[in-house]
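Let's take a walk through this fold together. Keep the sequence at hand and the viewer open as you read.

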Amino acid sequence: MTHSLVCPETVSRVSSVLNRNTRQFGKKHLFDQDEETCWNSDQGPSQWVTLEFPQLIRVSQLQIQFQGGFSSRRGCLEGSQSSQALRKIVDFYPEDNNSLQTFPIPAAEVDRLKVTFEDATDFFGRVVIYHLRVLGEKGTNKDPYRDLHYRAKLGEPRPHPRNLNFP
């Protein structure tokens, strides 16, 4: 069964925020399920969102709800595992409207995603997104050191190696 894979431990980054006003237009609004809030990028040739998940995931769908007039004609989804370089998973072609759009994703097991929005419909290159959902299943986390690396990013103390339970 597929469900939303973005959780509180998912680390997200965005290319820009309109007038650097993160309170009103920040990245947190991509995932808050509130119809009244949105991420609004600043102007530029392309905009992007990156997501780092606390474990491997199997992506099956990407859902995006743009504001009409501020969408993208072409998008690219890239992914990777651990510290590997990002590789292209799929190109997708959104419509310029306000509806929630669903894009099927070929099977990919990753822990990092980058969604790039190219060729914005707005003359200045701004993108406005009300909802961004990554659907699929949790994958297998075969690398116990991956979890340690992620914990360190969150500022948690590293456990002593003899206290770890490796498979």
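A good place to begin is V128, which touches C38, W39, N40, Q65, F66, Q67 and F70 when residues up to four places away in sequence are not counted. Contact here means heavy atoms within 4.5 Å. Before going on, please note that this is a predicted model, in which local features need pLDDT of at least 70, side-chain atom pairs count only at pLDDT 80 or more, and totals for chains, interfaces and linings use all residues. Residues are numbered from 1 along each chain as its sequence is written, and side-chain values use heavy atoms, with hydrogens and water left out.

One of the contacts of V128 is F66. These two residues are 62 apart along the chain, and 5.6 Å separates their C-alpha atoms. Is V128 buried or exposed? V128 has a relative accessible area of 2%, so it is buried. The word buried stands for under 20% relative accessible area, exposed for over 50%, and partly exposed for anything in between (1.4 Å probe, protein chains only).

V128 belongs to strand 8. Strands (E, at least two residues) and helices (H or I, at least four) are DSSP runs, numbered from the N terminus. Strand 8 covers residues 128–138 and runs antiparallel to strand 4, with nine bridges joining them. Within this pairing, you will find Q61 opposite L135 of strand 8. Two strands count as paired if DSSP finds at least two bridges between them.

Now follow strand 4 itself, residues 46–66. Why is strand 4 described as largely enclosed by the rest of the structure? The reason is that 15 of its 21 residues are buried. F53 lies in this strand, and F53 counts as buried because its relative accessibility is 1%. The C-alpha atom of F53 is 10.0 Å from that of Q81, a residue 28 places away along the chain.

Strand 4 has further partners to look at. With strand 7 (residues 100–120), strand 4 shares 15 bridges in an antiparallel arrangement. To trace this pairing on screen, find S46 opposite E118, then R58 with its bridge partner E109. Strand 2 (residues 11–14) also pairs with strand 4 in the antiparallel sense, over four bridges; there, S12 has L51 as its bridge partner.

Finally, move across to strand 7 once more. Strand 5 (residues 72–80) pairs with strand 7 in the antiparallel sense over eight bridges, and G75 stands opposite F117 of strand 7.
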